[in-house]
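This report describes the fold of one protein chain for a reader who has its sequence and structure at hand. Please look at both before reading on.

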Amino acid sequence: MILHAPASRLQFLDTGELQLESGRVLERVTLAYETYGTLAPDGSNAVLIQHALTANSHVAAHDDVDEAGWWGPMVGPGAAIDTDRYFVVCANMLGGCGGTTGPASASPGDGLPYGSRFPGVTLRDGVTLEARLADHLGIAAWHTVIGGSMGGARALEWAIMHPERVERLVVLAAPAYSNADQIAWAHTQLIAIESDPEYCGGDYLALGRSPENGLGLARRIAHLTYRHGSELDTRFGRARQRTSRPGERPEYYQVDSYLDHQARKLVNRFDAGSYAVLTRALRDHDVTRGRGGLQEALGRIQAGVTLIAIDTDRLYPPAQLEEIDRALPSPPGVHTIRSLRGHDGFLMEHDQLAAILAATVFA
């Protein structure tokens, strides 16, 4: 089991056997999660935060000496999601590498990492597991389920799968389904990982190998969808990290160095098998699957809905949030964050996001 959140802050729920959408069964599934604040006696103040693809349950620091979380400015005492008022829960997605059962976990059968034997999972499988956590914590219904990117897709599934258990829904920079463009981006990342000889068909951990090059390349590809081209041009332009003369080593630009840095950061903290499993889960995301059309699927939602897009998001552009809005029985409209940072704006434009949440959810 690979942990990339502060182990002392993690809590673990042994959920037993889990039957997946595919029909496959996972034995002895463990769900890692963290909580912040105090649950009200009636359970009415519980907020579920859903993390994005390579994040984990450590959404914020628990105290002044704790590691910063991936959404720290948004969560805490007096913050937009105020832990003096709300009981915040963030769980690591099924298939991840932050403590929840995933490809790097030991198989109950032989104690070796699952590796290639780990089955494909869906976002709905993740929600099924999280519903067990809600039961364990005594939460009959969430005050709010909120998430961005893959987290937003999971939040949407929560409100459709368990409409009676979600009072407010916030979908941030996420679609109702992955379209062909997003499927294509996922495909190139998966090929990058699987083409690395060190990947060994997914069984690299058991063999003491590490597909760092493949995972790093996948991250470089993904990062180009997370940031907007105008931001990259403004920050880096054609500036060189190092120069060369004809016949010497190739030019190395500052934007090259930036992408290499992002790759190294991910390789140092994430598992390639989990990256592949979660990428496939997000690639296969489609709320209409088995539910008829989009209006029929979204018509199951009983929660008050807040939709938030980022104007420069080229991974999940505003049009996909607008499509959700049109298909809802009572369209709430789409709030738009203005940012040069593209899709990653949902992780960085804290003031704009806090203002929207204060006006629509946490008044």
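How many helices and how many strands are there in the chain? The model, which is predicted, has 11 helices and 12 strands in the chain.

**Overall form**

The C-alpha trace spans about 70 × 50 × 50 Å along its principal axes. A compact globule of 363 residues would have a radius of gyration near 21 Å, and the chain agrees with this because its own value is 20 Å. Of the contacts in the chain with a separation of 6 or more, 70% are between residues 24 or more positions apart. Some further values for the chain are set out below.

| Property of the chain | Value |
|---|---|
| Share of the 363 residues that are buried | 56% |
| Exposed area | about 15000 Å² |
| Share of the exposed area from carbon and sulfur atoms | 49% |
| Distance between the centres of the positive and negative side chains | 5 Å |

The two sets of charges consist of 32 positive and 43 negative side chains.

**The nonpolar cores**

In soluble globular proteins, nonpolar side chains tend to be buried together. In this chain, the largest nonpolar core has 76 residues. The members that touch the most others are Trp142, Leu156, Trp158, Leu169, Tyr275, Leu298 and Ile301. Leu156 may serve as an example: apart from its neighbours within four places in sequence, Leu156 is in contact with Leu169, Val171, Pro175, Ala176, Val287, Leu298, Ile301 and Ile324. Another core, of 28 residues, lies apart from the largest one, and Ala52, Trp71, Met74 and Val170 are among its residues.

**Helix α9 and its cover**

Ile324, one of the contacts of Leu156, is a buried residue of helix α9, which comprises residues 318–327. Pro318, Gln320, Leu321, Asp325 and Ala327 are also buried in this helix. Which elements cover the buried residues of α9? The cover includes the helices α2 (150–161), α3 (180–194) and α8 (294–298), together with the strands β8 (168–172), β11 (304–310) and β12 (334–337).

**Gln262 in helix α6**

Helix α6, formed by residues 254–267, contains Gln262. Is Gln262 buried or exposed? Gln262 counts as buried because its relative accessibility is 10%, and the cut-off for a buried residue is under 20%. Leaving aside neighbours within four places in sequence, Gln262 is in contact with Arg219 and His223. Gln262 and Arg219 are 43 residues apart along the chain, yet their C-alpha atoms are separated by 7.2 Å.

Note on methods
Residues are numbered from 1 along each chain as its sequence is written. This is a predicted model: local features need pLDDT of at least 70, side-chain atom pairs count only at pLDDT 80 or more; totals for chains, interfaces and linings use all residues. Side-chain values use heavy atoms; hydrogens and water are left out. Helices (H or I, at least four residues) and strands (E, at least two) are DSSP runs, numbered from the N terminus. The radius of gyration is taken over C-alpha atoms; the globule rule is 2.2 Å times the number of residues to the power 0.38. Buried means under 20% relative accessible area, exposed over 50%, partly exposed in between (1.4 Å probe, protein chains only). Contact means heavy atoms within 4.5 Å. Accessible areas come from the Shrake-Rupley method with a 1.4 Å probe; for residues, only the protein chains shown count as cover. Lys and Arg count as positive and Asp and Glu as negative; His and the chain ends are not counted. The place of a charge is taken as NZ of Lys, CZ of Arg, CG of Asp or CD of Glu. A nonpolar core is a set of buried Ala, Val, Leu, Ile, Met, Phe, Trp, Tyr and Cys residues joined through side-chain atoms within 4.5 Å.
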